[in-house]
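Trainee: Could you show me how to read a ligand site and a pocket?
Mentor: Sure, let's look at one together.

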Amino acid sequence: MSSKRFENKTVIVTGAAGGIGEAYARALAAEGANVVVADLADEKGKQVAADIGGLYVSTDVADEESAKALAQATVDAYGSIDGLVNNAAIYGGMKLDFLITVPWDYYKKFMSVNLDGALNVTRAIYPHMTNGGGAIVNQSSTAAWLYSGFYGLAKVGVNGLTQQLATELGGQNIRVNAIAPGPIDTEATRTTTPKEMVADIVNRLPLKRFGTPEDLVGMCLFLLSDEAGWITGQIFNVDGGQVIRS
Ligand SMILES: NC(=O)c1ccc[n+]([C@@H]2O[C@H](COP(=O)([O-])OP(=O)(O)OC[C@H]3O[C@@H](n4cnc5c(N)ncnc54)[C@H](O)[C@@H]3O)[C@@H](O)[C@H]2O)c1
């Protein structure tokens, strides 16, 4: 069954040059959205945008002027903005270190992208959600509920940001939710997490297989769609049962 929930809607996906963001961008385009691919990886990002008939805007989510330029380029191309997926993060190739030893300059740069990046882009975009509201999906992780050092700490922040922004933007009918994926088979995971560690995590999942970007697509598109019109401030685990909270 095919549906076109996003016809005449414009959705920005940050970090969509590859991995999970690319899967979101492709699925949104398949359902009729005008998709804006925002990334730092220009070559890959341009390719994804060209494949799906979308727009590529070279963007650093940590930079205020860059986020404003992303908003302007989107409005110039499509008039207004209906959805935003804050998916970009330093993940593939990230430094593996501890909170108590990671160099401050790396930690600050990391947080400026992985936590403040979502706030920075949201601040630039929300004034252009002028079609009676909008939907924002932040990319969290089950890392927020498990030990994973500064990576997990940033995702705890993303969860908090989701709840706080939902409150601040609800009056404008802008909904803000988050997805917390479990381990997902992307090139970034393959280069960042040792194979044996992934095998061990997957083995302990109730649903004993590695997740795929496509496993996340249904939740992301649902949260962006009108069907989720009375859902905001929530964090949804899509994780093969990795985290079960009572
Ligand atoms: N893969 C997993 O197992 C997993 C699990 C849970 C959550 N996540 C989260 O999902 C998201 C995507 O993960 P992925 O596996 O596709 O990794 P990825 O590294 O392929 O995706 C991150 C994207 O963000 C881009 N990016 C990095 N810094 C940027 C910046 N300053 N401005 C703009 N773009 C920037 C990268 O170029 C890349 O395209 C991340 O937020 C990650 O933390 C991933």
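Mentor: We'll go through the ligand first and then a pocket. This is a predicted model, where local features need pLDDT of at least 70 and side-chain atom pairs count only at pLDDT 80 or more, while totals for chains, interfaces and linings use all residues. Residues are numbered from 1 along each chain as its sequence is written, and side-chain values use heavy atoms, leaving out hydrogens and water.

Trainee: Which residues come nearest the ligand?
Mentor: A residue is near a molecule if one of its heavy atoms lies within 4 Å of it. Here 27 residues surround the ligand, and D39, N87, Y151, I184 and T186 come nearest.

Trainee: How do I read a polar contact with the ligand?
Mentor: Look for a pair of N or O atoms within 3.5 Å. In this model, an N or O atom in the T186 side chain is 2.7 Å from a ligand oxygen. The backbone joins in too: a polar backbone atom of I20 is 2.9 Å from an oxygen of the ligand, and for G92 a backbone N or O atom is 3.3 Å from a ligand oxygen.

Trainee: And what about the second largest pocket, which residues lie nearest its centre?
Mentor: On a 1 Å grid over the protein atoms alone, a pocket is an open set of points with protein on both sides within 12 Å along at least five of seven lines, and lining residues have an atom within 4 Å of a point. This one has 17 lining residues, with K9, G133, G134, L224 and D226 nearest the centre. Its space is about 280 Å³, a volume being what probe spheres set on the points fill.

How values were computed. Polar contact = N/O pair within 3.5 Å; in protein donor to acceptor, adjacent residues only side chain to side chain. 1 Å grid on protein atoms, 1.4 Å probe; cavity = no way out; pocket = protein on both sides within 12 Å on 5 of 7 lines; lining within 4 Å.
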